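Here are a few exercises to work through with the model open beside you. Try each task before reading its solution.

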Amino acid sequence: MRVGVVCEGPSDYPAISIFLADALQRRSITAEVRPVFPELDRTRPEGGWGNVLLWLKRNPPETRIAKYFNGGLFAGELATTPLDALVFHLDADIVDDELFRGYVKKTYEHEVALHNQPAERAGSIKQVLRLAADLENLTQTDVQKHVLAVAVEATESWCVAAFHAQPGEYEVLRGQALIDAFMTVLERSEGRQPQGNYANIDKNADRRRRFCRKHAAGSERLIQTCDQFKEAVDALEVLAANRGLR
Amino acid sequence: MLEELLITRFKSVREQRLSFGRVNLFIGGNGTGKSNLLEAIGLASACLSRGLGDSDIVQKGLRLTPSELMKSSFKNESLPKTLELDATFSRGIHYKAALRSSLRDPLLRFFSESCTVRNKKIFGRSNRGASATGVSHAGRLEQNRGIWDQIKATYEIPADVNEEFSEFARYVIYTPQTDFLRGRQSGRVDAPPIGLHGEGLPEAVDSFLNVWREHHPRSQKTEVSAAWQILDACVKLVWLPGWASMFGVHHARPLLTSRDLADRSSETVYFVDRFMHASRNRLSVYDSSEGTLFLLFAAIILAHPSAPKVFALDNVDNALNPRLTRRLVEQINFVCNFTKVSDLGLGARQVFLTSHNPTALDAFDLFEDDQRVFVVRRNEKGHTTAERLQPPPGMTKEKWELAKGGRNLSQLWLDGDIPGALGDTQI
């Protein structure tokens with residue numbers, strides 16, 4: 001199964017691609033996951049919801065279908081191998097972001113609902129993704145190929161969940177608690193003593209990739225503890241079954 | 001017109017068939033073999049020109065690669081004895097040459113050669129002998145010079161063959177260089193009107209302007225000739241950067257000439273800067289913008305009556321900003337489209353380009369058969385491949401516009417949506 005990923009930034013991609021591929025493999029689906037967003041120039045922010053929403057704007061449904069599901073924009077040897085699915089990622093923590101809410105209201109005339117519970121927060125983001133991807137105007141077959149993967153609150157939460165041996169409530173971690181939890185497992189994973197009171201999350205994509213590869217098997221725990229991750233894996237499994245890719 | 005070329009075992013090209021239009025652009029990563037493709041065309045031209053000696057090769061703009069290294073050499077493949085060029089021209093003319101080399105011989109030599117017109121043999125040679133127009137030529141042919149060049153003056157070759165071959169035999173690869181254009185370096189002009197790197201610019205500009213004046217309409221009521229339209233459109237290339245209002249050739253006063261010029265006593269090209277004081281507004285090529293010089297060079301090779309009608313321009317975007325790159329390529333398309341319908345005695349008829357500037361693509365209509373873009377890549381074995389960039393079959397312009405999301409081809413290139421166009425970077 002060939003899966004393309006559109007995510008907020010380079011540091012999110014390892015968690016999405018590695019954990020999804022591992023979880024699918026456990027369901028006997030071999031997934032070839034690849035990033036589909038272009039290399040960003042140095043002026044742009046390293047990540048953020050804008051990357052995903054503006055990507056969707058630049059790639060309207062006709063473009064997405066032609067480019068990714070129908071073999072690309074060119075003929076002959078320059079045609080590309082079609083993807084079976086596109087995964088769209090956003091972090092749920094942007095629900096509270098005024099800039100995001102303002103953009104959504106202005107662009108899609110939609111008021112982002114403020115919630116506190118993980119499932120509801122994810123629901124708010126998924127609604128925005130549906131609007132941005134214009135899923136309403138796609139056929140059911142094409143809608144199925146658009147898989148929404150909302151990380152509650154962030155892909156760092158998935159990393160924390162993948163690291164810990166015991167299931168926990170990782171989707172409720174927010175703000176400083178999430179920063180500390182993630183940086184602690186990152187340092188532990190590298191054999192370092194956690195320092196505590198971290199100012200920021202380390203967004204280094206190479207470091208993140210090493211972490212995710214090391215803890216890829218943690219995708220099993222992710223399924224148990226992160227409902228949105230499980231939902232994305234389930235959607236990909238259904239798609240694979242429909243397309244005879246198991 | 002060269003319609004098709006099958007290149008076999010030439011440098012990085014293991015085997016590649018290319019079907020050409022009038023304007024052909026090669027794009028792709030660095031080191032993929034774009035220049036090798038231009039050189040393969042050049043070598044085919046050399047086979048029909050004065051020969052395969054060092055000076056013949058250099059005059060075409062090919063690198064003077066040792067003959068043994070002209071042949072492909074790939075891992076896990078035996079070293080070939082020959083390389084082959086199989087060319088199909090308009091009017092059913094077909095020419096094929098197999099060239100051999102060895103470590104004991106510095107030059108490429110003909111192993112075999114043949115020409116047919118509408119399946120009728122015109123000339124040929126192999127290890128079994130040689131013949132032209134039905135007459136045997138065994139032992140009388142030079143081995144590093146093509147048959148056509150040796151017999152064209154004395155044998156009755158069909159006129160259409162002579163026309164096609166004469167035009168193609170003048171093919172050269174232009175690679176303009178600033179130092180030659182500015183006059184800091186001087187060099188030979190092997191074929192008129194200008195050297196491959198810009199040598200002899202003043203003489204070329206002078207004769208170009210003379211032709212331009214000759215074709216200038218006598219009055220506003222005079223009907224404008226097709227030749228004038230090409231000449232004037234090419235002259236206007238020079239105005240594109242926006243600062244020059246006139247150019248010409250003169251003997252500059254020594255004190256107003258740079259001491260850095262190779263020859264300060266000869267005529268030099270000047271531009272009139274429309275922003276400068278009238279008494280000091282003549283800028284020499286030495287002080288002019290590089291892009292303007294490049295556009296002047298392009299104007300000459302596109303429209304000068306002595307210029308080859310078939311040529312290559314390596315790095316057409318040289319020194320030009322993105323918008324000017326597009327405008328120049330549009331101009332090349334305009335000229336080649338113009339000469340397609342009428343033989344004016346001037347104006348390029350078939351052009352081969354390379355570019356690393358995405359906006360060069362925006363000058364192409366991929367639905368138009370005369371305008372072709374090729375994406376050059378290396379396959380997993382390292383062989384150079386060139387694939388024509390075309391919309392999927394059955395796609396209309398309107399449908400394709402939707403599929404592209406309203407983006408220009410240059411944007412598709414930058415977005416990584418043209419497979420291979422950005423190169424397969426290992427970094």
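## Exercise 1: the parallel sheet of chain A

A:Val3 has A:Val33 in S2(A) as its bridge partner. Bear in mind that this is a predicted model.

Task: starting from this pair, work out which strands of chain A stand at the edges of the sheet.

Solution. Begin with the two strands S1 (residues 2–6) and S2 of chain A: four bridges join them, and they run parallel. Next, extend the view to the whole open sheet, where four strands follow the order S2-S1-S3-S4 in chain A with parallel pairing. Strand S2 (32–35) and strand S4 (146–151) of chain A each have a single partner strand, so they stand at the edges, and one side of each lacks a neighbour in the sheet. From one strand to the next, the twist averages 25 degrees. To finish the picture, add H1(A), which lies across S1, S2, strand S3 (85–91) and S4 of chain A and runs at about 170 degrees to S2(A).

## Exercise 2: two helices of chain A

Task: decide how H1(A) is oriented relative to H9(A), and find which residues meet between the two helices.

Solution. Start with the axes: those of helix H1 (residues 13–25) and helix H9 (residues 205–214) of chain A come within 8 Å and cross at roughly 20 degrees. Angles under 35 degrees count as roughly parallel, so H1(A) is roughly parallel to H9(A). The crossing of H1(A) and H9(A) is right-handed. Now look at the residues: from H1(A), A:Pro14, A:Ala15, A:Ile18 and A:Phe19 meet A:Ala205, A:Arg208, A:Arg209, A:Cys212 and A:Arg213 of H9(A). Sorted by character, the residues of this contact are six nonpolar, no polar and three charged.

## Exercise 3: the antiparallel sheet of chain B

Task: find the order of the strands in this sheet and the helix that packs on it.

Solution. The open sheet has three strands in the order S11-S12-S13 of chain B, with antiparallel pairing. Strand S11 (244–250) and strand S13 (282–284) of chain B have a single partner strand each, so one side of each is left without a neighbour in the sheet. Ignoring direction, neighbouring strands are turned by 30 degrees against each other on average. Between strand S12 (residues 268–273) of chain B and S13(B) there are three bridges; B:Val272 has B:Arg282 in S13(B) as its bridge partner. Helix H7 (residues 201–215) of chain B packs on the sheet, touching S11 and S12 of chain B, and its direction makes about 110 degrees with that of S11(B).

How values were computed:
Residues are numbered from 1 along each chain as its sequence is written. Chains are lettered from A and ligands numbered from 1 in the order in which they are written. This is a predicted model: local features need pLDDT of at least 70, side-chain atom pairs count only at pLDDT 80 or more; totals for chains, interfaces and linings use all residues. Axes are lines fitted to C-alpha atoms, for helices over the stretch in contact, and angles run from 0 to 180 degrees between N-to-C directions. Angles under 35 degrees count as roughly parallel, over 145 as roughly antiparallel, 65 to 115 as roughly perpendicular and the rest as oblique. A crossing is left-handed if the near helix is turned anticlockwise from the far one by less than a right angle, and right-handed if clockwise. Two residues are in contact if their C-beta atoms, placed from the backbone, lie within 7 Å. Ala, Val, Leu, Ile, Met, Phe, Trp, Tyr, Cys and Pro count as nonpolar, Asp, Glu, Lys and Arg as charged, and the others, Gly among them, as polar. Two strands pair if DSSP finds at least two bridges between them.
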